[in-house]
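Please examine the sequence and the model shown below. The explanation that follows moves from the ligand sites to the neighbouring secondary structure.

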Amino acid sequence: MPAMKCSLCGELAVINMRRHKLRLCAPHFLDWFPKQVLLSVQKLEMFTPRDRLLVAVSGGKDSLALWDVLLRLGYQADGLYIHLGIPDNGYSDDSLRHVQAFAATRPDAHLHVVDVAATYGESVPQVGRRRHRAQKMCSVCGLIKRHLMNQIAFDGGYAVIATGHNLDDEAATLLGNALHWETDYMARQSPVMPATHPKMTRKVKPLARMYERESAAYALVRGIDYIEDECPYSVDAKSILYKRLFNDIEERSLGAKAQFYLQFLQAKRDGRMTFPVVDPVHLLRECDRCGQPTSAPGLCAFCRLWSHPS
Ligand code: SF4
Ligand code: ZN
Ligand code: ZN
């Protein structure tokens, strides 16, 4: 097979993006990718250069690629790593090492690290096992991560929390929600989630238009050393199955993944798909212990995790 050539300069291409009819060499791809991210940021008015951003980093390819891109674009972007205390194959320690190594080469970027077990007395797997009957591991983990992100963002005066979700993640989530007609989740699913309370921080997903293989290629070509292992609890996750299905569909129907997700967003914007308002601000009050907004009486769901063993 003849070597694949860059559509722009004719040099050896490192990636073929069929949906864009574009093959790019390493320098052109490293130029193209941040420009695409910037287009999303500007089109959806995610944030401005004046805003301080908190990037949730896991040590994986997407979040580190996002942090790198935001810094290269000149944004004031700090990182937040939440040490979940997952011991399998040294998963959490290893992820932290990758994040620290990344941050060490970007002295302007500050890294916040929160160790869940050291701060609250139990790691995520320990809380998850204790509450096994009440909640699944990933829902406990998600609750803890959301709370800590919001807390650190509020305490640090950050305007925005940015996460590394890519288009494959979003399409898989949407498919899961649509299969069960989880309309509340569908109503909330968006690359921009405005703050619904003065103590909440706006959340954005600047990579939501990028395919997973594009952000993986960016991390690779850019030489970012990320953790390749997946979280051991993600192995059975339905989202992996949905992503595989989508990749099969994409093989036969180019751009299907992007159409499915981006047309959903467009339909919401056009008012062709409407949902009841979720979590209206007047239902939110401040938790008696941590002060974070919650719709529950007394303690918020996070504080209840540590107060009512079940
Ligand atoms: Fe947490 Fe792992 Fe589940 Fe992700 S897959 S929510 S990191 S336990
Ligand atoms: Zn080129
Ligand atoms: Zn609380």
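How many nonpolar, polar and charged residues make up the shell around ligand 1? In this predicted model, the shell consists of five nonpolar residues, one polar residue and one charged residue. The residues surrounding ligand 1 are Leu 84, Cys 138, Cys 141, Lys 145, Cys 231, Tyr 233 and Ser 234.

The second ligand is a zinc ion. Its protein donors are the SG atoms of Cys 6, Cys 9 and Cys 25 together with ND1 of His 28, at 2.1 to 2.3 Å from the ion. The angles subtended by the four donor atoms run from 99 to 115°, and the arrangement is therefore tetrahedral, since four donors count as such if all angles lie between 85 and 135 degrees. Along the chain, the donors of the zinc ion follow the spacing C-x2-C-x15-C-x2-H. Within this set, Cys 9 and Cys 25 link distant parts of the chain, 16 residues apart: Cys 9 lies in the segment before β1 (15–17), and Cys 25 in the loop between β2 (22–24) and α1 (26–43). Cys 9 is partly exposed, with a relative accessible area of 37%, whereas Cys 25 is buried, at 4%.

The explanation now turns to helix α1. With 18 residues at 1.5 Å a residue, α1 should span 26 Å, and the distance of 26 Å between its end C-alpha atoms agrees with this. Its buried residues are Phe 29, Leu 30, Trp 32, Phe 33, Pro 34, Gln 36, Val 37, Ser 40 and Val 41. The elements covering these buried residues include β1, β2, α2 (61–72) and α9 (212–221). Just after α1, Glu 45 adopts a positive phi of about 50°.

How values were computed: Residues are numbered from 1 along each chain as its sequence is written. Chains are lettered from A and ligands numbered from 1 in the order in which they are written. This is a predicted model: local features need pLDDT of at least 70, side-chain atom pairs count only at pLDDT 80 or more; totals for chains, interfaces and linings use all residues. Side-chain values use heavy atoms; hydrogens and water are left out. A residue is near a molecule or strand if one of its heavy atoms lies within 4 Å of it. Ala, Val, Leu, Ile, Met, Phe, Trp, Tyr, Cys and Pro count as nonpolar, Asp, Glu, Lys and Arg as charged, and the others, Gly among them, as polar. Donors are N, O and S atoms within 2.8 Å of the metal (3.2 Å for Na, K and Ca); water is not among the atoms, so sites may look incomplete. Four donors count as tetrahedral if all angles lie between 85 and 135 degrees; four count as square planar and six as octahedral if opposite donors are over 155 degrees apart and all others between 65 and 115; anything else is irregular. Helices (H or I, at least four residues) and strands (E, at least two) are DSSP runs, numbered from the N terminus. Buried means under 20% relative accessible area, exposed over 50%, partly exposed in between (1.4 Å probe, protein chains only). The expected span of a helix is 1.5 Å times one less than its number of residues. Contact means heavy atoms within 4.5 Å.
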